[in-house]
Every structure is written in structure tokens, then in C-alpha cells.
Amino acid sequence: MYRIKTNSELESFISSTIESHRQQAYSLAEGEMYKAFGEIAALMKDTDTSIISERKISGISARTIRRIAHMAKDGITDFKEARDNGTFDEETHLNHMVEFLKVRSLTFEATRIRYPNYLKPWTATDDQELERLWCEGVPVNEMASMFKRNIGAIQARIEKLELQEKYM
């Protein structure tokens with residue numbers, strides 16, 4: 001048996017052990033999440049998504065469930081493969097994982113560091129600026145940076161303000 005001789009070796013051993021188990025847990029959770037998404041997609045494939053309430057269902061947002069249903073209607077049944085092929089980005093994947101595992105409270109502070117306006121209410125001035133930028137064709141990722149919010153928040157606000165319907 002290997003004996004740990006220094007504090008540095010101990011820290012390294014503990015770190016590698018934790019990381020190994022963390023990765024295994026993440027992989028198992030990811031597999032279960034995609035299995036659940038596949039079952040939801042099968043149930044929702046021929047359903048009108050407008051009947052889904054705005055309330056969360058077992059901790060998953062209505063928006064996520066609608067997104068799963070739309071992807072299923074587009075023929076996507078293997079969500080892990082869709083992630084690997086870039087059908088949805090890493091940020092979306094991580095948001096799904098946070099919802100699925102119900103750990104939003106644990107990630108709130110980390111998210112607020114990356115996006116200082118995370119979960120802060122939108123002001124009328126913000127809405128006007130978003131509408132102006134939308135009309136100018138500024139990409140969503142640039143708007144996210146300007147508003148210090150994530151891409152999903154920008155897309156949700158564009159949806160709420162019905163900018164696509166208004167200007168398309």
C-alpha cells in the first residue's frame with residue numbers, strides 16, 4: 001500500500017478522488033436526465049405544447065419541457081447525441097442539469113458572478129434597449145454580454161416582449 005508522505009500528496013490524492021467520484025456522479029445523472037428527456041419527448045411528440053402551464057413541473061421549467069417537445073417534433077430522440085453534435089450548447093445543457101438535479105440554489109452565487117443581472121427584474125429602459133438592439137439585428141450573445149445576463153434570459157425576454165411577432 002502506498003503511504004502518503006506529504007501534505008501536498010494528500011491534497012492531490014483527495015482532489016483526484018473527489019474529482020473521479022464527482023465525474024461518475026455527473027455521468028450517471030446526465031444519463032438519467034437524458035433518459036427522462038427521451039420519455040418526456042415520447043409523451044409530448046404529438047401534443048400541442050401551448051397547453052403546458054407556465055408552472056414548473058417537478059422542478060423542470062415549462063420552457064424546458066416545451067423545448068424538449070419541439071426537439072422531439074424535429075426528430076431528435078437521442079438528447080445526449082444532440083448535445084454531442086452541438087444541437088444545443090453547453091450552457092443550455094448545464095441549465096438542464098441544474099433544473100434536473102434541483103441544485104439551482106447551489107449555483108445561484110456562481111451564476112450571479114458570471115451574469116451580475118441574473119434573476120434581477122427587467123426595467124422598462126432595459127426592455128426598450130433590448131427592443132432597439134433586436135431591431136438593429138444585434139446577435140443574442142452580444143446582447144447577453146451587454147445586459148450581463150445569460151443567453152437564455154435574453155431569449156426568454158425577446159419571447160415575452162413578442163419581438164419576433166412584432167418585427168418579423
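Start at Gly75, just after α2, where phi is positive at about 95 degrees. Keep in mind throughout that this is a predicted model.

**Helix α2**

Step back from Gly75 and select residues 62–73, which make up helix α2. The helix has 12 residues. At 1.5 Å a residue they should span 16 Å, and the end C-alpha atoms are 16 Å apart, so expectation and model agree. Now colour the buried positions. They are Ala62, Thr64, Ile65, Arg66, Ile68, Ala69, Met71 and Ala72. Note that Arg66 is on that buried list, as is Thr64.

Keep Thr64 selected and add Ser8. Ser8 belongs to helix α1. Its relative accessibility is 52%, so Ser8 counts as exposed; the cut-off for exposed is over 50%. How far apart are Ser8 and Thr64 in space, C-alpha to C-alpha? Draw the distance: 44 Å, with their positions 56 residues apart in sequence.

**Along helix α1**

Helix α1 covers residues 7–44. Go to Tyr34 and Phe37 in this helix. They are 3 residues apart, which means a separation of about one helical turn.

Show both side chains. A search of the whole structure finds 2 aromatic pairs. In one of them, the rings of Tyr34 and Phe37 have centres 6.2 Å apart and planes at 90 degrees, so the pair is edge-to-face. Are these two residues buried or exposed? Tyr34 has 7% relative accessibility and therefore counts as buried. Phe37 is at 2%, so it counts as buried too.

The other aromatic pair is Trp122 with Phe147. Select both. This pair is tilted, at 5.3 Å centre to centre and with 50 degrees between the planes. It links distant parts of the chain, 25 residues apart. Trp122 sits in the loop between α5 (104–114) and α6, and Phe147 in helix α7 (residues 140–147). Trp122 has a relative accessible area of 17%, so it is buried. Phe147, at 7% relative accessibility, is likewise counted as buried.

**From Trp122 to Arg157**

Leave Trp122 on screen and add Arg157. Arg157 is in helix α8, residues 151–160. Which residues does Arg157 contact, leaving aside neighbours within four places in sequence? Trp122, Asp127 and Leu130. Is Arg157 buried or exposed? Its relative accessible area is 15%, so this charged residue is buried.

**Trp134 and its surroundings**

Move to helix α6, residues 124–136, and select Trp134. At 17% relative accessibility, Trp134 falls under the 20% cut-off and so counts as buried.

Show what surrounds its side chain. Not counting residues up to four places away in sequence, Trp134 touches Met143, Ile158, Leu163, Gln164, Tyr167 and Met168. Pick Tyr167 from that set. Trp134 and Tyr167 are 33 residues apart in sequence. In space, their C-alpha atoms are 9.0 Å apart.

**Two loop residues with positive phi**

Most residues other than glycine have a negative phi. Two stops here depart from that pattern.

Select Leu119 first. This residue is not a glycine, yet its phi is positive, at about 65 degrees. Leu119 lies in the loop between α5 and α6. Its relative accessible area is 58%, so Leu119 is exposed.

Next, select Lys148. Its phi is also positive, at about 55 degrees, and it is not a glycine. Where is Lys148 placed? In the loop between α7 and α8. At 46% relative accessibility, Lys148 counts as partly exposed.

**Last stop: a pocket**

Finish at the second largest pocket, which has a volume of about 160 Å³. Select its lining: Glu19, Arg22, Gln23, Ala25, Tyr26 and Leu101. Which helix gives the largest share of this lining? Helix α1, with 5 residues. By type, the lining divides into 3 nonpolar, 1 polar and 2 charged residues. Colour by type to see them: Glu19 and Arg22 are charged, Gln23 is polar, and Ala25, Tyr26 and Leu101 are nonpolar.

Note on methods
Residues are numbered from 1 along each chain as its sequence is written. This is a predicted model: local features need pLDDT of at least 70, side-chain atom pairs count only at pLDDT 80 or more; totals for chains, interfaces and linings use all residues. Side-chain values use heavy atoms; hydrogens and water are left out. On a 1 Å grid over the protein atoms alone, a cavity is a set of points where a 1.4 Å probe fits but cannot get out, and a pocket is an open set with protein on both sides within 12 Å along at least five of seven lines; lining residues have an atom within 4 Å of a point. Grid points are joined across faces, edges and corners, and a volume is the space filled by probe spheres set on the points. Helices (H or I, at least four residues) and strands (E, at least two) are DSSP runs, numbered from the N terminus. Buried means under 20% relative accessible area, exposed over 50%, partly exposed in between (1.4 Å probe, protein chains only). Contact means heavy atoms within 4.5 Å. The expected span of a helix is 1.5 Å times one less than its number of residues. Rings of Phe, Tyr and Trp (its six-membered ring) pair if their centres lie within 6.5 Å; planes under 30 degrees apart count as stacked, over 60 as edge-to-face and the rest as tilted.
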